[in-house]
Amino acid sequence: MRIGILTLTDNTNGYNYGATFQCLALQRTLERLNNEVLVFNFKSDDNGNFCYKTINYLSAVTNIREFIGVCGDLFGRLKRIRGIQEDGRNLLAPSFDKIINHKLNMTRQVSENNIAEIANELDAVVVGSDQVWSTFAKQRLVYLMDWVPEFTGIRISYAACSARKGVPRINKVKIAECINKMDAVSVRDAQTRKMVKNASGVNAKIVLDPTFLYDFKEEMEAVEITGSYILAYILGSEIKGGFKETLCKIRSKYGSLKLVVVAVPGLGKAIYEHADILLKECSPGQWLTLFSRATFVLTDSFHGVCFCLKYKRNFIACYRSVWRASRLLDLKNRFGLNRNIVSSLKEAVQNRCFENELDYKDIDIFIEKEREISEEFLRKALTNRMV
């Protein structure tokens, strides 16, 4: 069977470790199920009407907290774009392009206007994973297969995710129609499942992020860092209570370890001043190795937590706003990580996060069970059986 993957591949605003690895993992998983797999090299050329997009974006807001959250997200995007511009050329580009161009089976570049030309040469299209359903503010809903001409193959979403609780009221009818045209619908977390149910009436299945379905042994690269270390992978602002104080708590348990910080252009600069080693050119392969060898990990990233779980690392994952924390909170609830995913240093101390190491026995059992469920979803979906 010939299958296309449609996920977030536009690196205009910077490269992303998690987005790249989840795409590669999904490709490898589908290939292991004896399929020929292509990844849509999708780059949007729809600038659209700014007023329409703004109204559409805000029409999904139901309360003041969500309004503040949406405004914060918009400000954050602008801040990152400025940060990337200030940092100059993206030092990560060559190492990411090595994976994107040599390991991902990319199609020629397509946009909203011609994606259907390639799609209709395929037997199935899988949309996801990652936050492909976080914004439906455009007139053409590409990540819901709202294409012209209409796609005639099997339509699947795998671990699709939305950072929003609701959908724009302006596009609600079209969104419902597109979701109901899908042959199999799965999502990555409880909030997205609820959003899909409210928007379309469809009961989506929760599955694992694709990164749990592939081992990445071939992608690991050597790092020159020796000895034990704390790894920091931060994309947002400082943890409530402060990075300095948090690092003191970690070192009180694990000793005076050096802090290795992975720099991401335009993001997480509050942690830089505490770094003993600041990596501005960390390749994806080195990123994997750093996670696998870290004594302790400090992160605020969904995929940062995923790779801590894959490599059985002790960690603390922090979030500042409940508005943006749905993915982390879902991991907290589903994997039983109440001690390790927190909103502040105070909460981490109260949970004795720094005193007790994670017992991975039950976590590993849960991951293996969910991995079997997730792969079975894909097998059934690809035989055009409703899941």
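**View 1. The seven-stranded sheet of the predicted model.** In this predicted model, seven strands form an open sheet whose order is S3-S2-S1-S4-S5-S6-S7, and their pairing is parallel. The edges are taken by strand S3 (106–110) and strand S7 (205–206), each of which has a single partner strand, so one side of each is left without a neighbour in the sheet. Strand S2, spanning residues 36–42, pairs with S3 in the parallel sense over three bridges, and within this pairing Phe42 has Val110 of S3 as its bridge partner. Strands of a sheet pair in general through backbone hydrogen bonds, in either a parallel or an antiparallel arrangement.

**View 2. Helix H13 across the seven-stranded sheet.** Helix H13, which comprises residues 360–381, lies across strand S5 (154–160), strand S6 (184–187) and S7, and runs at about 165° to S5. S7, one of the strands that H13 lies across, is also an edge strand with a single partner.

**View 3. The six-stranded sheet.** A further open sheet has six strands in the order S10-S9-S8-S11-S12-S13, again with parallel pairing. Here S10 and strand S13 (341–342) stand at the edges with a single partner strand each, so one side of each has no neighbour in the sheet. Helix H8 packs on this sheet and touches S8, S9, strand S11 (296–299) and strand S12 (314–318), its direction making about 165° with that of S11.

**View 4. Strand S9 and its partners S8 and S10.** Strand S9, residues 258–262, is mostly covered, in that four of its five residues are buried. Strand S8 (residues 229–233) pairs with S9 in the parallel sense over four bridges; among the bridge partners found in S9 are Leu259 for Ile230 and Val260 for Leu231. With strand S10 (residues 277–279), S9 makes a parallel pairing over three bridges, in which Val262 has Leu279 of S10 as its bridge partner. Taken together with helix H8 (residues 243–254), S8 and S9 make a β-α-β unit that is right-handed.

**View 5. Nonpolar cores.** The largest nonpolar core contains 72 residues, and those with the most contacts inside it are Tyr158, Trp287, Leu309 and Phe315. Helix H1, residues 17–32, gives the most to this core, contributing seven residues. A second core, separate from the largest one and made up of 35 residues, includes Phe40, Val127, Val132 and Ala204.

**View 6. The aromatic pair of Tyr17 and Tyr233.** The structure holds 23 aromatic pairs, one of which joins Tyr17 and Tyr233 in an edge-to-face arrangement, with 5.9 Å from centre to centre and 80° between the planes. Tyr17 lies in helix H1 whereas Tyr233 lies in strand S8, so the pair ties together parts that are 216 residues apart in sequence. Tyr17 has a relative accessible area of 2% and is therefore buried, and Tyr233, at 3% relative accessibility, likewise counts as buried.

**View 7. The aromatic cluster around this pair.** Tyr17 and Tyr233 both belong to one aromatic cluster, whose other members are Tyr15, Phe21, Phe96, Tyr214, Phe216, Trp287, Phe291, Phe307 and Tyr311. Trp287, a member of this cluster, is also one of the residues with the most contacts inside the largest nonpolar core.

Definitions and conventions: Residues are numbered from 1 along each chain as its sequence is written. This is a predicted model: local features need pLDDT of at least 70, side-chain atom pairs count only at pLDDT 80 or more; totals for chains, interfaces and linings use all residues. Side-chain values use heavy atoms; hydrogens and water are left out. Two strands pair if DSSP finds at least two bridges between them. Helices (H or I, at least four residues) and strands (E, at least two) are DSSP runs, numbered from the N terminus. Contact means heavy atoms within 4.5 Å. Axes are lines fitted to C-alpha atoms, for helices over the stretch in contact, and angles run from 0 to 180 degrees between N-to-C directions. Buried means under 20% relative accessible area, exposed over 50%, partly exposed in between (1.4 Å probe, protein chains only). A crossover is right-handed if, with the strands pointing away from the viewer, the path from the first strand over the helix to the second runs clockwise. A nonpolar core is a set of buried Ala, Val, Leu, Ile, Met, Phe, Trp, Tyr and Cys residues joined through side-chain atoms within 4.5 Å. Rings of Phe, Tyr and Trp (its six-membered ring) pair if their centres lie within 6.5 Å; planes under 30 degrees apart count as stacked, over 60 as edge-to-face and the rest as tilted.
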